[in-house]
Amino acid sequence: MSDDETRAQLQRGLRIATLILAVLTVDVLGLIHLVHGLESHDHPAVQFAAFAALTAVLATEAVLVVRRRPWRNGRRLAIAVVLGASALSYLTLPDGMTSTTVDWLFGAANWAGAVVLLDRPLRMFLAFLVTHELLALANLLVFHEVNRAALVRFTTGSVTVFGLPLLMAVVAAVLGGIATEAARAARELELARTAEAAASAAHRRRALRFAELSGTAVPLLTGLADGSLEPSDPIVQRGCAIEAARMRRLFAETDTVGNPLLHELRHCADIADRKGVEVELDARGQWATPPLAVRRDLTDAALTALATAGSWARVTVVGSADAVSVNVVADCAEPAVPSPATPDVRIEIFDSGGTVWMEAQWQAR
């Protein structure tokens, strides 16, 4: 399970827990208190209308939880319904019954608001609780007799009415922050692991390249460095040109292109082009991408001829669904091409008075 899924599951669990508490407070305890104090109400229909409004908000939250959806645009309307039901209930409350069991909505509306604002910033839920408290206090101060008993009831009742939902919201905010921080830390760890894996892969590729060149390029460079080889020696120059072509091919092997074989041949031809050799590269047909080892065998003869050509070279690639061949004609000496590493590749070389023709064929099995 991903970090985002874990966080979503945590938020959904908190919504379900808050909804259960709200249903117990509004639809169970609230209804019990409403029915028991029904004879004390002058307008019971208004109280039942307020009860129905809160129940509708909780029912909507239940549907959203089941469908795994947030409130979105309906959130403001739901809060307006809760506060409207609170004001309606308070205005029709009998005198002297504030913060009693008859005042059933005083301890119920706060939980209806909690289910709507649980996933919002804590300051928004705190603002709702303050508004709810101010409505109840304004009703007490304006429409009821203010005495010590009424103020004590309001104060002690506010501890649970204000405190318990706020505690739930604080827990949700803390857990949400922990989940967000954990997800961020997990993403950073994943990025670090990815970077480490990429660095390791790059190191392995560099080590592999060095191993592939160590048998030919390193002795050549070492001889040039210690003076045992002369840069003016044609044999040394020929070897340098061949190794340069192999390096260009090696670098080209890591490129992401549509036709790797042609791409690597173009890099090999670039070495000859830099020497002023006129190079012509032609491709005919369509073929599947050969494996890396096969491509190396197919291009070995071509890169040797291109690197040592005197003035011109022609490379032709012909392919079909299950076969491909690389043909090279150039004015160069007959090259010493290593034997193919793959048994499916066959190389033929013909020398005719300073012009060499080479063909490397691969037949897929």
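In which loop does R72 lie? This tour of a predicted model begins with that residue and then proceeds to further selections.

**First stop: R72**

Please select R72 together with the helices on either side. R72 lies in the loop between α2, which covers 44-66, and α3, which covers 74-91. The backbone deserves attention here: R72 is not a glycine, yet its phi is positive, at about 55°. With surface display switched on, the viewer may be used to examine the side chain, since R72 is exposed, with a relative accessible area of 65%; the cut-off for exposed is over 50%.

**Second stop: S99**

Next, select S99. This residue is found in the loop between α3 and α4, the latter spanning 109-117. S99 is not a glycine either, and its phi is positive, at about 60°. Is S99 buried or exposed? Its relative accessibility is 16%, so S99 counts as buried, the limit being under 20%.

**Third stop: α4 and α5**

From the loop that holds S99, continue into α4, and add helix α5, residues 122-143, to the selection. The two helices pack at an angle of about 160°, and their axes are 10 Å apart. Because an angle over 145 degrees counts as roughly antiparallel, α4 is roughly antiparallel to α5. The crossing of α4 with α5 is right-handed.

To view the contact itself, display the side chains on both helices. Which residues of α4 meet α5? On the α4 side they are A109, N110, G113, A114 and L117. Their partners in α5 are M124, F125, F128, L129 and H132. Of the residues in this contact, 7 are nonpolar and 3 are polar, with no charged residue.

**Fourth stop: α7 and α8**

Finally, select helix α7, residues 217-226, and helix α8, residues 234-252. At what angle do α7 and α8 pack? The angle is about 135°, and the axes lie 10 Å apart. This makes α7 oblique to α8. A view down through the pair may be used to follow the crossing of α7 and α8, which is left-handed.

Now show the residues of the contact. A217, L220 and L224 are the contributions of α7. In α8, they meet V236, G239, C240, E243 and M247. The contact of α7 with α8 comprises 6 nonpolar residues, 1 polar and 1 charged.

Technical notes: Residues are numbered from 1 along each chain as its sequence is written. This is a predicted model: local features need pLDDT of at least 70, side-chain atom pairs count only at pLDDT 80 or more; totals for chains, interfaces and linings use all residues. Side-chain values use heavy atoms; hydrogens and water are left out. Axes are lines fitted to C-alpha atoms, for helices over the stretch in contact, and angles run from 0 to 180 degrees between N-to-C directions. Helices (H or I, at least four residues) and strands (E, at least two) are DSSP runs, numbered from the N terminus. Angles under 35 degrees count as roughly parallel, over 145 as roughly antiparallel, 65 to 115 as roughly perpendicular and the rest as oblique. A crossing is left-handed if the near helix is turned anticlockwise from the far one by less than a right angle, and right-handed if clockwise. Contact means heavy atoms within 4.5 Å. Ala, Val, Leu, Ile, Met, Phe, Trp, Tyr, Cys and Pro count as nonpolar, Asp, Glu, Lys and Arg as charged, and the others, Gly among them, as polar. Buried means under 20% relative accessible area, exposed over 50%, partly exposed in between (1.4 Å probe, protein chains only).
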